Amino acid sequence: MNDFLVFFLVGFLLCVGGILLVKREKRLFKKSVTVRGTVVGYDEYYNTQSGSGLNQRKMYTLLVEYALADGTLVRAKEQSGSTKRKYPIGEDISVTYSAE
């Protein structure tokens, strides 16, 4: 019975946390702005899969520059990396950001 209660509470808390995260994302993207940005480069790093250091892969994180509605220039880094460069440097791409 005690194990059931622990699993139930953990599952319930995970569900509540997931619902709160979805609500937050909806709120942020409700007030989003889409602008054109320019790919200015990539941050390169090595990702070790198993922690042993033997199987390293070169990863790339996109760097893009765009202007906010007030004209402020922003240089932002992608949240996650990729094993391939997604766009050539200098290419214009769509950038969506929260207006908050």
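## A tour starting at glutamate 78

Select glutamate 78 to begin: you will find this residue in the loop that links strand E3 (73-77) to strand E4 (92-98). Keep in mind as you look around that this is a predicted model.

Is glutamate 78 buried, exposed or partly exposed? Its relative accessibility comes to 22%, so glutamate 78 counts as partly exposed; the cut-off for buried is under 20%.

Next, show the surroundings of this side chain. Setting aside neighbours within four places in sequence, add Tyr60, Thr61, Leu62 and Lys86 to your selection, as glutamate 78 is in contact with these residues. Then pick glutamate 65 and draw a C-alpha to C-alpha distance to glutamate 78: the two are 11 Å apart in space and 13 residues apart in sequence.

Now zoom out and switch to a cartoon view. You should see 1 helix and 4 strands, arranged along the sequence as α-β-β-β-β. The radius of gyration of the chain is 20 Å, whereas the globule rule gives 13 Å for 100 residues, so the chain is more spread out than a compact globule. Rotate to the principal axes, and the C-alpha trace spans about 60 × 45 × 15 Å.

Colour by accessibility next: 17% of the 100 residues count as buried. With the surface turned on, about 7800 Å² is exposed, and 58% of that comes from carbon and sulfur atoms.

For a last stop, select the charged side chains. There are 14 positive and 10 negative ones, and the centres of these two sets lie 4 Å apart.

How values were computed:
Residues are numbered from 1 along each chain as its sequence is written. This is a predicted model: local features need pLDDT of at least 70, side-chain atom pairs count only at pLDDT 80 or more; totals for chains, interfaces and linings use all residues. Side-chain values use heavy atoms; hydrogens and water are left out. Helices (H or I, at least four residues) and strands (E, at least two) are DSSP runs, numbered from the N terminus. The radius of gyration is taken over C-alpha atoms; the globule rule is 2.2 Å times the number of residues to the power 0.38. Buried means under 20% relative accessible area, exposed over 50%, partly exposed in between (1.4 Å probe, protein chains only). Accessible areas come from the Shrake-Rupley method with a 1.4 Å probe; for residues, only the protein chains shown count as cover. Lys and Arg count as positive and Asp and Glu as negative; His and the chain ends are not counted. The place of a charge is taken as NZ of Lys, CZ of Arg, CG of Asp or CD of Glu. Contact means heavy atoms within 4.5 Å.
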